[in-house]
Structures are given as C-alpha cells and as structure tokens.
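User: I'd like to understand how the labels attached to a model like this one are reached. Could you take me through the reasoning?

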Amino acid sequence: MAAKIIVIGATHGSLPALLPKLTALHSKQQFTLAIILGDVFSPPSSSEDESENEFIQKLFHGEIEIPLPAYFSVGKNELPKPIKDRLESREGKDSGGEVCSNLFFLGRKGILVTSEGVRIVVLGGREGNGEVMEKEGEGEGENVGGDTTRPWYTTQEASALKGANSADILVTYDWPENVDGNSKIPVPQAIEGGLPSRSRAVRELARRLRPKYHFLVGGEEVFWEREPYMNGVLGKERERIASGGGGVGVDTTRVIALANWGNKGKVKSVYAFNLNVSDRTTVEALPPNTTESPYAGLGDTGKRKRPLHDAGTTDEFPMGIGDNGAFFWGDWDQRRNNRRIEYERRGKRGRGGGRGGHHNQSRLPPGPESCFFCLSNPTLAKHLLVSIGTDAYLTTAKGPLTTAAINPPELSFPGHVLVIPLSHSPTLAHIDDAQSKKGTYTEMIRYRAALDAMFRSRSCGAVCFEVARRTGVHTHWQVLPLRTSILPQVEDAFKETAKKENYGEFVESFDDQLGDVDRSYFRVWISGMEEGKWLVLAIKEGQYFDLQFGRKVVAGMIGGEAEKRANWKDCEQSMEEEVRDTKGFKEGFKEFDFTL
C-alpha cells in the first residue's frame with residue numbers, strides 16, 4: 001500500500017497561515033498524512049501569545065479545521081500552556097494524544113504505525129546535556145521521563161527507541177553526529193538562530209533503525225538534502241536476495257533538513273513524497289549518487305550485554321513465522337530444545353563427544369526482521385494488532401484457547417491476547433537500556449491491569465503467564481479470561497501440575513525479575529493477587545520444559561472443548577475469523593485502552 005506524505009518545516013506559531021495553503025494542497029494531492037517538524041507554536045515568551053491562544057481555543061472548539069491527520073512532537077521550546085493542559089487532561093497522556101480533530105501530539109519520543117502500515121519514530125527536543133537540564137531545573141535522576149512535553153530528551157530515552165527496530169520515517173530535532181560524512185553536499189550556513197546540535201545518540205538511533213527517510217529541523221533558512229546513504233546490512237541482504245532468500249527492503253536512507261515554514265528567503269520548507277510499504281522484502285536499485293554510510297566505523301559507545309545478531313531469513317528459521325506470517329508462541333525455542341534432547345538421547349555429541357562438533361552448533365535465533373513478535377517484521381500479521389504503546393503492544397493470539405462459546409455471555413469474543421515488548425529481547429532482563437527495561441515492564445503491567453478491568457466488567461478474571469528463557473527469541477506475556485467461578489482454583493492447579501511434571505515448586509515472589517539475565521523461569525499472575533506478586537517456577541539449566549505448560553493447565557481447568565485447544569495449531573482460525581475477533585476485542589477494550 002502506498003502512502004502520500006507531506007512534511008512541513010517548523011511553523012513557529014504560523015499554523016494559522018499554513019492551514020489554508022495545506023488545505024489547498026490536500027484538495028489536489030489527497031495526502032495520507034502530514035508531519036510538522038520542530039516547534040509548531042510560538043515560544044512561550046512571544047508577544048503573539050494572546051492571538052495564538054485565541055487560535056488554539058478555536059482549534060479546541062472545532063472552529064478551525066485541519067484537513068488531514070497531522071502529527072508533531074516538540075522542538076526547542078515548551079508547548080503553550082493550553083496545549084499542555086489539554087494533553088494532561090486526557091487519558092493516554094503518557095504517549096501523547098489528540099489535541100483536536102486531525103492534530104496529534106506524538107510525545108517527546110514515540111512510535112506510530114499508521115493504518116497504511118507506515119512506521120514513524122520520533123525523538124523531539126534537544127539532547128539533555130547539563131546546560132539544558134540546568135535551565136529546565138531538572139537533574140539526571142530517574143524521574144526526568146515523567147513529562148512527555150518537555151523540550152529535551154536523555155540519552156537513555158534515545159537509546160530506548162532502538163527497541164522499535166526499524167522505521168520508515170525517523171523524525172528528530174537534533175541532527176545526527178557526522179551526518180554529512182562521506183557527503184559532497186555541504187551543509188548551508190544558518191542565517192539566524194543556528195542549527196540544532198549534533199547528537200551521538202541520534203546517530204546511533206538512525207544507524208539502528210535504518211529509516212527510509214530521516215527528517216531534521218533546518219532552522220530559519222536552511223534546506224539540506226544529502227545523497228542517499230547505504231545502510232550497514234546491505235551487503236549481506238543483497239547476497240541473500242541474489243541466492244533466492246529473503247531480505248530487508250531498506251537499502252538506503254535519505255536525510256532531509258527543512259527550513260522553517262514561511263521563512264523570508266523562501267527556502268524550501270515542504271517535502272512531499274510517496275512511500276510504498278506493501279513489500280519491504282524487495283531491494284530496489286541503488287540511486288546513482290548513493291554514498292557509504294556516514295556512520296560507518298563510528299562504534300556505538302554504549303556497552304552491550306550481547307552482540308546484535310543478523311536478522312536471519314524465513315528459510316533459515318521456518319518455524320519462526322507461520323504460512324501467512326502470523327503470530328504463534330514459543331514454537332521455535334521448543335523445537336530447538338526438543339532437537340537438543342533428541343541428540344543427547346542418541347549420543348550425537350559431535351566429533352569425539354565434545355561441544356565443538358557440527359551437530360552441537362546451534363543457529364542464532366531470528367533477529368527483528370524475521371522475528372514473529374517484532375513490528376519491523378515485513379510479514380507481521382497486522383490484522384491481529386489491538387493497541388501499540390510506548391514500550392509494548394497488544395495483539396490477539398493466533399489459535400486462541402478461549403472462545404466466545406467457552407466464555408460467559410458477557411464476553412462475546414475469545415479474549416486471549418499477548419502483551420509484547422517492542423524491544424527484541426529473549427527476556428525482560430536482557431533489554432539493554434535500564435530505562436527502557438523498566439518502562440517496558442511498567443507498561444506491560446499497565447496493559448495487564450487494563451485487561452483485568454475489562455474482563456472483570458464481563459464476569460471474568462484474568463490469568464497472565466510468561467516463559468522467560470535465556471535461549472528464547474522475544475519474550476511476551478499471555479493473558480486469558482477465566483470465569484470468576486474458576487479463578488479460586490487456578491493457583492492450586494498450577495502448583496499441582498508442576499509437581500506432577502517434576503518441574504519443582506512455585507514460590508511467591510514480589511521481584512520484577514529484571515535484574516538477573518542468567519535466570520530462566522515460568523511465572524503466573526492471577527486476578528486478585530497482591531500488587532507486584534507473581535507465582536514463579538524456576539527452570540533449571542538443561543531442564544526440559546513444555547512451553548505450552550501454561551496453556552495446558554488453563555485448558556485442563558476449563559475442561560470440555562478447551563482441552564482440545566491446548567495447542568494453538570489445533571485451533572487455528574481463518575483470516576475472516578481472526579479479523580472478526582480482533583475487531584470485537586478492540587471494541588470491548590476501547591474504554592480501557594490507555595493509549596487512545
């Protein structure tokens with residue numbers, strides 16, 4: 001599907017003058033969406049405050065129409081107080097929101113996937129060095145992330161956005177460090193006000209996300225478009241495609257800095273383009289002026305707990321993605337574990353029984369481009385998506401255990417869902433950035449609470465469980481509805497089944513399990529448990545553990561038809577059924593969804 005997009009330079013309070021021209025352009029071109037860079041409104045100390053406040057009130061009351069969905073973040077200035085008050089008064093303020101009809105604030109940092117599939121990642125404001133923080137009256141403490149409208153970001157926040165894994169469009173206020181490296185096109189001299197700072201954090205974000213387009217704020221009279229540059233993964237991907245394998249469809253990145261809209265010199269401040277995201281596996285021919293990456297050889301200064309793996313292909317990991325690219329749970333790791341056990345039973349230890357033999361060389365797990373839980377996967381089953389937050393998202397399950405027939409009459413759809421981190425990580429403890437790790441866990445808990453509230457309004461409670469293994473691919477939580485009459489039996493059922501399977505004993509824990517990267521475990525939460533409490537079952541190194549354990553226990557408790565649905569493959573649905581059930585869930589969850 002192709003999207004027609006228009007990007008507009010910072011308006012600095014000139015939105016009233018822009019809208020008539022944008023309306024005229026849209027009537028002719030029929031754009032899909034608009035993005036406004038940098039500062040949309042006047043600085044708080046501006047003499048135009050009174051007239052702008054009047055304009056803002058007209059926006060709020062629908063007296064001024066914005067012709068198409070328009071998105072913005074923060075620049076170097078604070079947002080006007082009426083805009084901040086509006087955002088803070090609405091639900092979902094932590095991830096930005098609707099200012100008025102067709103005008104959306106994406107937060108200081110955010111990820112947006114449009115209905116056309118366009119993936120936009122935004123990082124607004126200046127990098128929060130000591131000088132900026134001092135002016136804003138903030139310190140380096142953990143509480144700096146609370147205000148999504150403040151016009152500066154921390155390096156941790158920039159790093160957290162790497163969890164998005166990819167982007168069609170990246171929007172930043174700061175310029176990436178060394179962005180003009182390998183370029184023959186000089187950056188123009190700023191006429192007044194200077195250019196935004198250059199940031200190493202933005203450089204590393206751009207390198208990780210490999211966007212098709214990276215838009216920057218150019219200042220008063222600066223337009224700059226560098227030659228497209230090649231991304232680092234290009235060589236391997238071209239080899240794969242040449243040999244008939246899959247590939248990543250992002251060959252090059254185009255960097256465009258737009259001048260402020262309405263600047264005196266009439267320097268280019270508007271950029272319109274078509275973006276086709278229907279097939280990200282196609283690698284197009286390189287433009288003739290393509291350069292090497294300006295970031296090549298400039299290492300990420302952040303320390304990693306593990307190396308970044310290559311994305312792999314669907315041929316290398318056939319069990320990772322279903323026939324139609326849909327979600328399924330845990331099968332890749334389970335099959336690998338089963339193969340290992342079978343090798344041990346047959347004594348296949350490689351040459352001389354050592355660990356270096358061929359049969360013991362395990363393949364690397366799928367990377368984000370072929371991971372069935374990463375939004376960057378081009379074959380992702382988008383029709384199952386329910387809600388996308390800042391650090392996690394919600395999707396209905398492939399082959400749900402519960403059904404409308406199993407649930408009470410008040411719950412007319414299956415209700416079996418997955419809560420999935422945006423970061424590609426085998427466990428929550430393995431997420432590299434501490435702030436992203438904590439933010440992900442917090443948002444997953446928030447999703448769980450919202451699901452529990454929805455189920456309780458429909459004569460059910462919730463059961464949430466997780467398998468966390470160091471050898472896993474992409475951790476996630478499964479959440480299912482259970483009739484309230486069954487809930488009191490859940491805890492005993494899990495404990496008894498664990499003993500029967502010789503897995504050991506559950507222990508009560510109030511630990512978030514974020515600190516130990518070497519630990520593998522199964523944990524379960526049940527409606528009505530104390531705040532922060534989990535039942536945790538340790539998985540010992542080398543121990544066989546059935547990844548369908550949680551599902552089988554719940555199926556056994558429900559009994560009847562549910563016992564035939566213990567394996568998701570035994571109850572796959574048609575596309576039409578999946579679309580219908582996801583639509584039903586979205587409608588039921590709408591009033592509980594904090595991202596709206």
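Analyst: Happily! Let's start with strand E24, residues 521-526: six of its six residues are buried, so E24 is largely enclosed by the rest of the structure. Please keep in mind that this is a predicted model.

User: How do you know that both faces of E24 are covered?

Analyst: Look at the two sides in turn. Tyr521, Arg523 and Trp525 are on one side, Phe522, Val524 and Ile526 are on the other, and all of them are buried.

User: What makes E21 and E24 paired strands, and in which sense do they run?

Analyst: Pairing takes at least two bridges. Strand E21 (residues 460-468) is joined to E24 by six bridges, so the two count as paired, and they run antiparallel. One of the residues involved is cysteine 464, whose bridge partner in E24 is tryptophan 525.

User: Which residue of E25 stands opposite arginine 523?

Analyst: That is valine 536. E24 and strand E25 (residues 534-538) pair over four bridges, again in the antiparallel sense.

User: Why is threonine 114 called buried?

Analyst: The cut-off for buried is under 20% relative accessible area. Threonine 114 has 10%, so the label fits. This residue is found in the loop between strand E6 (109-113) and strand E7 (119-123). Leaving aside neighbours within four places in sequence, threonine 114 is in contact with Leu33 and Ile120.

User: What makes the pair of threonine 114 and glutamate 116 a polar contact?

Analyst: Their side chains are joined at 3.0 Å, and the limit for such a pair of N or O atoms is 3.5 Å.

User: How do you know that the length of helix H12 agrees with its number of residues?

Analyst: H12 has 15 residues (575-589), which at 1.5 Å a residue should span 21 Å; the end C-alpha atoms are 21 Å apart, so the two agree.

User: Which residues of H12 are buried, and why are they said to be on the same side?

Analyst: They are Glu578, Asp581, Thr582, Phe585, Gly588 and Phe589. These cover an arc of only 125° around the axis, which puts them on the same side of H12. The buried residues pack against strands E18, E19 and E20 and helix H9. On the other side of H12, Glu576, Arg580, Lys583 and Glu587 are exposed.

User: Where does pLDDT stay under 50?

Analyst: Residues 130-146 are one such stretch, and residues 233-250 are another. Where pLDDT is low, the predicted coordinates should not be read in detail. The chain averages a pLDDT of 79, with 77% of the residues scoring at least 70.

Key. Residues are numbered from 1 along each chain as its sequence is written. This is a predicted model: local features need pLDDT of at least 70, side-chain atom pairs count only at pLDDT 80 or more; totals for chains, interfaces and linings use all residues. Side-chain values use heavy atoms; hydrogens and water are left out. Buried means under 20% relative accessible area, exposed over 50%, partly exposed in between (1.4 Å probe, protein chains only). A polar contact is a pair of N or O atoms within 3.5 Å; within protein, one must be able to donate a hydrogen and the other to accept it, and residues adjacent in sequence count only if both atoms are side-chain atoms. Contact means heavy atoms within 4.5 Å. The expected span of a helix is 1.5 Å times one less than its number of residues. The arc is that of the directions from the helix axis to the C-beta atoms. pLDDT is the predictor's confidence in each residue, from 0 to 100.
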